Every structure is written in structure tokens, then in C-alpha cells.
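Colleague: I'd like to learn how to read the features of a model like this one. Could you walk me through some of them?

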Amino acid sequence: MKLKFYIFLFLLSTAVFAQKQVETSIDTTKNKIGAEFKLTLKTVVSSKTKVVFPKDKRFGALEVIQSYPVDTVKKNDTYELIKKYGLTQFDSGKYVIPSVKILIDKKPYFSDSIRVEVANVKVDTLQQKMYDIKDITGADSGIGDWWKYILALVIILAIGAGIYWYVKKHQKKKIEEEVYKTPIEKATSLLNNLESKELVQKGEIKEYYSELTDIARNYIEEAIHIPAMESTTSELIQAIRTASTKKKMTLTPETVENLERVLRQADLVKFAKSKPLDFEITEDRNKIQRVILTLDNAIPTEVSTEEEDQLLNEAQRQKQIQLQLKKQRNKRIGIAVGSVAFLLLATTAFFVVTKGFTYVKDNIIGHPSKELLEGEWVKSEYGNPGVIIETPKVLKRMDPLKALPKETMALIKEMQLFAYGSMIDNFSVAVSTTKFKNPTDIDLSKALEGSLKVIELQGGQNIIVKQEDFQTNQGIQGIKGYGTMTVINPANKTSLKAYYEILLFKQDQGLQQIIILHEEGDTYANEITTRILNSVELKKASN
């Protein structure tokens, strides 16, 4: 019977961190406002053990006013380390000094919590010297530092967008100069672009007339060589009539009059706040277009045969324009992307130099265990008899009976298994409960050996194990097995150095187990394990 039972135990693997006892004491549990409580933490370790005591400024609601040096007392081959803290509170009431974390060889252990009471002090204002009230100290923000990273990213993207816009703005004039072969082509294109802006629909009549007349004046200045941009309406009209005579341009009086009407209408809009009707605006635009076309046809030109052969047809010119615009757009995008990439690289390098690579990896690049630790935890009851435990993720029900031999299944009355992750993941936790058909004298040490052999069959190698007694917060006794191992990934044959802990409890006819396994040296996983263990509550099996 025992042989069959141990075969079954080989299939049950669980792990937890057990906490080494740290002796906690305080000089008094009752004190007056502002008086000092002396909290003492003691631990006995070997000469090679590294112990790190907390450096917090507050222990719960009490302020740390003095952190005394560590006293070391040698006892045979061990050392007793004594660390004292001076605590105080300036409000009367009952408080709890919470458990604090002590790292022993990088593993977390916790002190006991202690209740203290702070009483009022009677003040004689005639004898006691009075002092000014201290300034208010702002509380730490509860939102964390995540907003800083978002703000930095927004600023970097804004800089990239600004660079893109700046390059585009300074390329625009150059593009226009390169793609427009003649003044009439430029004027026609600008008129079409003006309509696409929909300034009239937006109510920006003044801007519309300003751009409309600027197009006409620019054309006249480039095609007829008249200083149209600096001339008044009267001066411009007179200059056109003079140029028409000198250059023998065949212009009708109606063409010049239409140009003059539109220019004077624009003057009224810009300086007298006149508001033409929609149909008048449309007529003015058409007049400017006809005037430009008429002026272009009236200008006498002589084009040689060689020049005619060199002129591209309209389709070819448009294709060339599009290709050039695309090239310039790609250049802008490349500059903007390159700038953003440089800023991101420079920001990352800055944090690596000032904060260290681990900080960048965990807080900017991301760390799976850190995300689990800071996520939303779930507290639930698993199995029968129940194991109440708080975990970063909900444990999913598994079917362990499919993997059990028939001989083992014959011993089991009821078995339930719940798990998150696996041995090859960064972090895994499993809970199993078992009831047996017949009364069985369970040896927890043998059960631990069976669990380790199952872990070995699943890919664990070079397993180092230590064993000690364990007791829950409710006083339920069990054992703890812990140590390190090498986990082999069967898919890619890679190896991972892992830390494990196994917690075992026996019932009248059953067994309750918890497994936690994670990568060795993962401080976030250590904190997850500690929080899980502090939440464990076990229910007794019903007879």
C-alpha cells in the first residue's frame, strides 16, 4: 500500500517560499506623543551570509527617526545580528508596526507585526517653551511614475512631427520652383490649390481675396516683368497699359477693366471689411483666371524648334511633379523617423547611465514578473479540502487523472489540481488537494521526495533541496522543501536556472500542496512568492 502511495506522491509537485523566523521585539508598547519606540530585529546567520535590513523612512504609520548601526555578536560558528530602529508618532491612538522585509542571501524574510499605543501629553503653556508649527509634508503620489514615460514619449513624437512639418515647409517653395516650368502653369496650379483650401466655405473671405490677387500679381510680375507686388492697384493698371503698348500686346479694354475691378474689390475686402456675395466671389475668381489666360496669350513669344522638342507634354510634366513630390515626402518621413529614433535611443542611453540597465529593462522595456506583481491579484479557494490563496492570475483547473497510472487512481477518492504557468515559464504556481479512499499514514518527507522525483522526470536537473518545518498563520503544521535546479526546455533544449519551494500539509485522509517555481535571482518573483505565502489559508478535511 505504501509503495503505491509513494508512486502517487511522485506525481504531485508543489512549491512555496517558507520564511525564516526573525526575532522581533520592542522596548515598550505604550508611549507618549513624540517619544521614541525602539524596535529590535535579530537574526542568527553564518559568517558568509549577507543580510540586508530595511532602510524605509516609515514603518506603517510610525516615522523612523533613527536607524542605529547593526550590532554583531559572535556565537561559536554563527553571528547574531541586531538591528534597532527609533520610531515615533505625533498623533495619539493605537497603531500597528507592520511586518518588514529582511533580505538574507537575497531571500526575503519578514518580522512580526507589533501593536503599540501612543498617549497624549499634557502641555503646560506657562512653563513649556512653544515652537512654530512645522510645514506640511506632501504625501507621495499614488499614480506612480508611469505618466513620466508617457509624457516623454509624447514630447519625442511631437518633436518628430515638428521636424517633419519644418522640413515640409522649407521644401514647399523649392518644390514649386522646380516643378513649375512657366508662369502660366504656376498661376493655374495655385488657383486650383486655392479652391481646394475652401477658404470661402470657412468664412475666410479676406484671406481668399489676398491669395487670389497675389496669384495674379505674381503672374504679371514674372510674365510681363512689372513690379506688381509693390504697386498699388492704380499703379499696376497703368503699368499694364504701358507694357501692352511697348510689347505690342493685343489686350482689349475689357480685360484690363476686369482685372481692375477684382483688384479694387479685394482692396475693399482687405481694408474696408467689405463682404461680397457668393456669386460675386465666384465671378471674381473666374475673371482673374480669364485675365491671366488672356495676358498669357497676348504676350508675344518666339520658341525655337529645339526648345519645342525639349518641352514635355502635360502628362509627362505631371508625372514628373508627382515623382518629385513623393521623393520629397519620403525624405521628410525619413528625417522625422530618424530624429525620433535618435531621441528614443538617447533617452534610453540616459536612463541606462543614470538608473542602470536593470531599471531600463524592467520599467521601459518591461519585465513579465514585474507586470504580474503590479497587476490585479485574485483571491480564491481551490480544491477540497480548500486552499484559500491570493495569486496574480486565476489558477486554471487541470485534469491530473489522465496522467496517473491505474494503480494510483485506485487509491484516490478525489483529486483536484489548479495551476498557472509551467516549469519553463518565468513564474508558475500550482495547488493540488487529494483525498484517499482508505486511511493512510502520510509521511510528508517521503511525499517531498516523491514530488522532487516527479520534477526531475519533467525536466528538472541538478536539484538541490533543503527541508524544514513550516507553520501557517493559522497554526497549521507542515513541511517546506526549497532549493535550486536546472530546468531543461524540451522544445529547444535550452536550460534555465530556477528556484523552487514545496509546501506540504497532511489531512486525516488527504494531502494539500502548493508549488511556486521561478527563475533564480528574479526579485519581482520573490515578492510575488512572499505575497502568495502570506495569503495562504487552509481548510481542514471533513471526516
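Colleague: Let's start with a strand. How many of the 10 residues of strand S21 (residues 510-519) are buried?

Modeller: Happy to help, and keep in mind that this is a predicted model. Nine of the 10 residues of S21 are buried, so the strand is largely enclosed by the rest of the structure. Buried here means under 20% relative accessible area.

Colleague: Which strands pair with S21?

Modeller: Strand S17 (residues 427-436) runs antiparallel to S21 and is joined to it by nine bridges. Strand S20 (residues 495-506) also pairs with S21 in the antiparallel sense, again over nine bridges.

Colleague: I'd like residue pairs to look for on screen. What is the bridge partner of Val429 in S21?

Modeller: Val429 is partnered by Ile516 of S21. For S20, look at Tyr500, whose bridge partner in S21 is Leu517. You can also find Ala498 opposite Glu519 of S21.

Colleague: And where does the sheet go from S20?

Modeller: Strand S19 (residues 477-488) pairs with S20, antiparallel, over 10 bridges. One of the pairs to look for is Ile488 with its partner Ser495 in S20. S19 and S20 form a hairpin with six residues between them, and Lys493 in that turn has a positive phi of about 65°.

Colleague: How should I think about side chains along a strand?

Modeller: In a regular strand, side chains alternate between the two faces of the sheet. For a single residue, accessibility and contacts are worth checking. Take Val465, which lies in strand S18 (residues 460-471).

Colleague: What is the relative accessible area of Val465?

Modeller: It is 40%, so Val465 counts as partly exposed. Leaving out residues up to four places away in sequence, Val465 touches Leu452, Tyr482 and Tyr500. Tyr500 is the residue whose bridge partner in S21 is Leu517. The C-alpha atoms of Val465 and Gly483 are separated by 4.7 Å, with their positions 18 residues apart along the chain.

Colleague: Is Lys32 buried or exposed?

Modeller: Lys32, in strand S2 (residues 30-32), counts as exposed because its relative accessibility is 52%. Its C-alpha atom is 8.3 Å from that of Glu117, a residue 85 places away along the chain.

Colleague: Now for helices. What describes two packed helices?

Modeller: The angle between their axes and the distance between the axes. For helix H3 (residues 183-196) and helix H4 (residues 205-223), the axes come within 9 Å and cross at roughly 175°. H3 and H4 are therefore roughly antiparallel to each other, as angles over 145 degrees count that way.

Colleague: Which residues of H3 and H4 meet?

Modeller: On the H3 side they include Ile184, Ala187, Leu190 and Leu194, and on the H4 side Tyr208, Leu212, Ile215 and Tyr219. The contact of H3 with H4 divides into 11 nonpolar, no polar and four charged residues.

Colleague: How do H4 and helix H6 (residues 253-271) pack?

Modeller: Their axes are 9 Å apart, at an angle of about 140°. H4 and H6 are therefore oblique to each other, and H4 passes H6 in a left-handed crossing. Among the residues making the contact are Ile205, Tyr209, Leu212 and Arg217 of H4, with Leu259, Val262, Ala266 and Lys270 of H6. The residues of this contact divide into nine nonpolar, three polar and three charged. Leu212 of H4 also takes part in the contact with H3.

Technical notes:
Residues numbered from 1 in each chain as written. Predicted model: local features only at pLDDT ≥ 70, side-chain atom pairs only at ≥ 80, totals over all residues. Heavy atoms only, no water. Axes fitted to C-alpha atoms, helices over the stretch in contact; angles between N-to-C directions. Helix = DSSP H or I, 4+ residues; strand = E, 2+ residues; numbered from the N terminus. Parallel < 35°, antiparallel > 145°, perpendicular 65-115°, else oblique. Contact = heavy atoms within 4.5 Å. Nonpolar A, V, L, I, M, F, W, Y, C, P; charged D, E, K, R; others polar. Buried < 20%, exposed > 50% of the residue type's maximum accessible area, 1.4 Å probe, protein only. Left-handed = near helix turned anticlockwise from the far one by under 90°. Pairing = 2+ DSSP bridges.
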